[in-house]
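Me: Please take one part of this structure and look at it closely, residue by residue. I would like the charged side chains treated in detail, and then set against the rest of the chain.

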Amino acid sequence: MQSFDIFSILRLIAAICFLIYGMKLMKSSLEKNSGGLLEKTLEKCTKNDLRAVLFGTGVTALLQSSTAISVTVVSLADSGMLSLRRAIGVILGANVGTCVTAWLTSLTGLREDGLFFSLLKADSIAAIAIIGASLITIFNKNRSLSWASGALTGFSLMLFSLKALSDTLYPLCQTEAFKNAFTLFENPLMGILVGTVVTALLQSSSASVGILQATCAAGRVSVACALPIVLGQNIGTTVTALAASAGSSLNARRSSFMHFFINLLGATVFLAVFFAIRVINGFDTFSESIDPAGVAWLHTLFNVVSTVALYPFIGALEGLALGIGSKKERLAA
């Protein structure tokens with residue numbers, strides 16, 4: 001297994017720099033779009049709250065990364081292409097979409113390393129995007145589509161950097177020390193912390209859930225231990241966009257914060273209900289071992305219930321988000 005050393009740290013720093021640069025390049029390129037085609041497409045796809053949620057679900061299911069979608073949403077909000085309300089809807093949908101691919105794989109018996117799933121992986125989509133950007137640059141002589149080339153380049157840099165971050169940290173998170181962390185803590189708050197940290201390091205809730213499922217396959221994790229970790233994994237997937245939005249426009253910071261707030265709120269409510277059930281029924285409740293399918297059910301249950309519960313309050317969430325920022329920033333917005 002590859003060791004984690006000084007060169008790994010350098011790769012991490014480079015990946016973070018590429019992520020920030022990709023976001024800035026995508027933003028500046030989109031702002032140059034004078035034809036309005038992209039705005040009209042996004043407006044049609046996110047015309048109302050339901051469409052925004054469904055759009056976020058579908059795109060995330062295809063891209064297999066809610067982190068990539070949340071970073072993209074921040075870039076679109078930063079460039080003014082996506083309104084704050086629609087960004088919140090897409091984020092809610094992204095939380096559901098991150099559960100879809102794993103369930104399709106388990107239900108159909110398809111292998112994740114097959115051609116279809118390989119083409120849908122973030123790094124494959126990034127490769128296609130950079131090829132498209134190159135072709136536009138080569139054949140668009142009058143440079144009327146230079147904004148599209150720049151946007152695709154920025155998008156591919158974002159995806160490549162997320163993949164580089166995940167690949168660099170994956171060996172570290174595959175060590176026995178990390179795997180044992182999933183089983184050492186009976187305190188729910190510590191479980192949430194472990195899930196958050198591991199997912200933030202891996203830049204992928206899917207990868208983090210996969211490690212938890214591999215640990216559960218050996219019968220080493222109880223339901224009571226797994227649920228807080230799953231809640232933490234959903235918080236951890238928001239960290240990248242939250243960090244990447246620093247220094248961006250007010251709407252970009254609002255969008256990234258709302259992703260964090262939505263998942264934190266859902267985790268808090270779920271944890272309160274979970275703890276109340278254990279107090280009423282006794283702390284032996286949920287002490288039985290959980291299998292990989294059970295982890296998938298917990299992950300799906302949390303995201304679907306949270307999205308359905310918060311959907312009627314998208315307007316209220318938007319109002320809350322509008323309160324973020326200094327008085328000077330809010331007046332200027």
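Reply: Helices (H or I, at least four residues) and strands (E, at least two) are taken here as DSSP runs, numbered from the N terminus. On that basis Leu10 lies in helix α1, and Ala14 belongs to helix α1 as well, which covers residues 6–31. The model is a predicted one, in which local features need pLDDT of at least 70, side-chain atom pairs count only at pLDDT 80 or more, and totals for chains, interfaces and linings use all residues. Numbering runs from 1 along each chain as its sequence is written, and side-chain values use heavy atoms, with hydrogens and water left out.

The setting may be given briefly. The secondary structure of the protein chain amounts to 17 helices and zero strands. Of its 333 residues, 48% count as buried, which means under 20% relative accessible area, with exposed meaning over 50% and partly exposed the range in between (1.4 Å probe, protein chains only). Contacts (heavy atoms within 4.5 Å) often span long stretches of sequence: among those between residues at least 6 apart, 80% join residues at least 24 apart. Ala14 offers an example of sequence distance bridged in space, since its C-alpha atom is separated by 9.1 Å from that of Ala164, 150 residues apart along the chain. Ala14 itself is partly exposed, at 34% relative accessibility.

The charged side chains now come under closer view. A salt bridge requires a side-chain nitrogen of Lys or Arg within 4 Å of a carboxyl oxygen of Asp or Glu, and the structure holds three of them. In one, Arg85 meets Asp49, with a distance of 2.8 Å from N to O. This pair links distant parts of the chain, 36 residues apart: Arg85 is in helix α5 (residues 84–108) and Asp49 in helix α3 (residues 49–63). The two partners fall into separate accessibility classes, for Arg85 is partly exposed at 27% relative accessible area, whereas Asp49 is buried at 13%.

Asp49 also meets the side chain of Arg86 in a salt bridge, again at 2.8 Å from N to O. Because Arg86 lies in helix α5 and Asp49 in helix α3, this pair ties together parts that are 37 residues apart in sequence. Here both partners, Arg86 and Asp49, are buried.

Arg85 has a further partner in Glu318, with the closest N and O atoms 3.6 Å apart. Glu318 lies in helix α16 (residues 314–322) and Arg85 in helix α5, so this bridge ties together parts that are 233 residues apart in sequence. Glu318 is partly exposed, at 21% relative accessibility. Through shared partners, these salt bridges join Asp49, Arg85, Arg86 and Glu318 into one network.

Helix α14 provides a contrasting kind of side-chain arrangement. Rings of Phe, Tyr and Trp (its six-membered ring) pair if their centres lie within 6.5 Å, planes under 30 degrees apart counting as stacked, over 60 as edge-to-face and the rest as tilted. Three aromatic pairs are found in a search of the whole structure. The rings of Phe257 and Phe260 have centres 6.2 Å apart and planes at 50°, so this pair is tilted. Both residues lie in helix α14 (residues 250–281), where they are three residues apart, about one turn of the helix. Phe257 is partly exposed, with a relative accessible area of 32%, and Phe260 is partly exposed at 22%.

Phe257 also pairs with Phe261, this time in a stacked arrangement with 6.2 Å centre to centre and 20° between the planes. Phe257 and Phe261 are separated by about one helical turn, because they are four residues apart in helix α14. Phe261 is partly exposed at 22% relative accessibility. Ring pairs thus link Phe257, Phe260 and Phe261 into a cluster.

Asn263 is also found in helix α14, but it is buried, with 2% relative accessibility. Leaving out residues up to four places away in sequence, Asn263 touches Asn95, Asn234, Ile235, Thr237, Thr238 and Phe302. Helix α14 therefore carries the buried Asn263 as well as the partly exposed Phe257.
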